[in-house]
Amino acid sequence: MPTPKNTVCIWYDREAEAAARFYASVFPDSAVTSVSRAPADYPSGKAGDVLVVGFTVCGIPCIGLNGGPIFPHTEAFSFQIATDTQEETDRYWNALVGNGGAESECGWCKDRWGVNWQITPRTLTEALAAGGAEAARAFAAMMTMKKIDHAAIDAARRG
């Protein structure tokens, strides 16, 4: 398989492979595509340690780099996963949070490796794109939530 022109690189302390395998088990069109080991010792590891893991998340090519603890994750980077139903939202949210992650606000959560995720119902995205009073009502409803409630967003859209 040729190397994609653009690949998202995500820095992990030491568990890039575990993270990639978890994502592949949770999200559709996701897989671990390669595991490369360090050919020599490096500042955060030894020769033979997993260094780079190729994977996809919902079809997006990524690599996980086991670079050590120097650069922790922040909300400046997140995966945004669009959902169509409450069941889909619940499944992804519960998998991420329930596997050692943490809830945040407005559809955001972290996985156990500190990577940030936005589990975003399409109904919310559509409401915000509509603008005006519909967007304002949906936005106000979202601001009160952690995991997004589809029914509450739909009710807010209708006024």
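# Two open sheets and their helices

In this predicted model, Phe55 has Cys62 of strand β4 as its bridge partner. That bridge belongs to the pairing of strand β3 (residues 50–57) with strand β4 (residues 60–66), in which six bridges join the two strands and the sense is antiparallel. β3 and β4 make up a hairpin, and two residues lie between them. Cys58 sits in the turn of this hairpin and has a positive phi of about 50 degrees.

β3 also pairs with strand β2 (residues 31–37), again through six bridges and in the antiparallel sense. One of the residues involved is Arg37, whose bridge partner in β3 is Val50. As for exposure, β3 is mostly covered, with six of its eight residues buried.

These strands are part of an open sheet of four, ordered β1-β4-β3-β2, in which the pairing is mixed. The edges of the sheet are taken by β1 (8–12) and β2; each has a single partner strand, so each has one side without a neighbour in the sheet. Direction ignored, neighbouring strands of this sheet are turned by 20 degrees against each other on average.

A helix accompanies this sheet. α1 lies across β1, β2, β3 and β4, and runs at about 15 degrees to β3. The helix spans residues 16–26 and includes Ala19. Is Ala19 buried or exposed? Ala19 has a relative accessible area of 0%, which is under the 20% limit, and therefore counts as buried. With neighbours within four places in sequence left aside, the contacts of Ala19 are Tyr12 and Trp113. Between Ala19 and Ser36 there are 15 Å in space, C-alpha to C-alpha, and the two are 17 residues apart in sequence.

The model has another open sheet, with four strands in the order β5-β8-β7-β6 and mixed pairing. Here β5 (78–83) and β6 (102–103) stand at the edges; a single partner strand serves each of them, so one side of each is left without a neighbour in the sheet. The partner strand β8 (residues 116–121) pairs with β5 in the parallel sense, over six bridges. Within that pairing, Thr83 has Pro121 of β8 as its bridge partner.

The two faces of β5 can be told apart by their cover. Phe79, Ile81 and Thr83 make up the covered face, while Ser78, Gln80 and Ala82 make up the uncovered one.

Thr83 appears again in the surroundings of Thr89, a residue of helix α2 (residues 86–98). Beyond the neighbours within four places in sequence, Thr89 is in contact with Thr83, Ile119, Pro121, Lys147, Ile148 and His150. Thr89 thus touches Pro121 as well as Thr83, the two residues that are bridge partners between β8 and β5. What is the relative accessible area of Thr89? The value is 0%, so Thr89 is buried.

Helix α3 lies across β5 and β8, running at about 75 degrees to β8. Helix α3 (residues 122–130) also meets helix α4 (residues 132–142): their axes come within 6 Å and cross at roughly 135 degrees. Because this angle falls in neither the parallel, the antiparallel nor the perpendicular range, α3 is oblique to α4. The crossing of α3 and α4 is left-handed. On the side of α3, the contact is made by Leu124, Ala127, Leu128 and Ala130. On the side of α4, Gly132, Glu134, Ala135, Ala138, Phe139 and Met142 take part. Sorted by type, the residues of this contact are eight nonpolar, one polar and one charged.

Terms used:
Residues numbered from 1 in each chain as written. Predicted model: local features only at pLDDT ≥ 70, side-chain atom pairs only at ≥ 80, totals over all residues. Heavy atoms only, no water. Buried < 20%, exposed > 50% of the residue type's maximum accessible area, 1.4 Å probe, protein only. Contact = heavy atoms within 4.5 Å. Pairing = 2+ DSSP bridges. Axes fitted to C-alpha atoms, helices over the stretch in contact; angles between N-to-C directions. Parallel < 35°, antiparallel > 145°, perpendicular 65-115°, else oblique. Left-handed = near helix turned anticlockwise from the far one by under 90°. Nonpolar A, V, L, I, M, F, W, Y, C, P; charged D, E, K, R; others polar.
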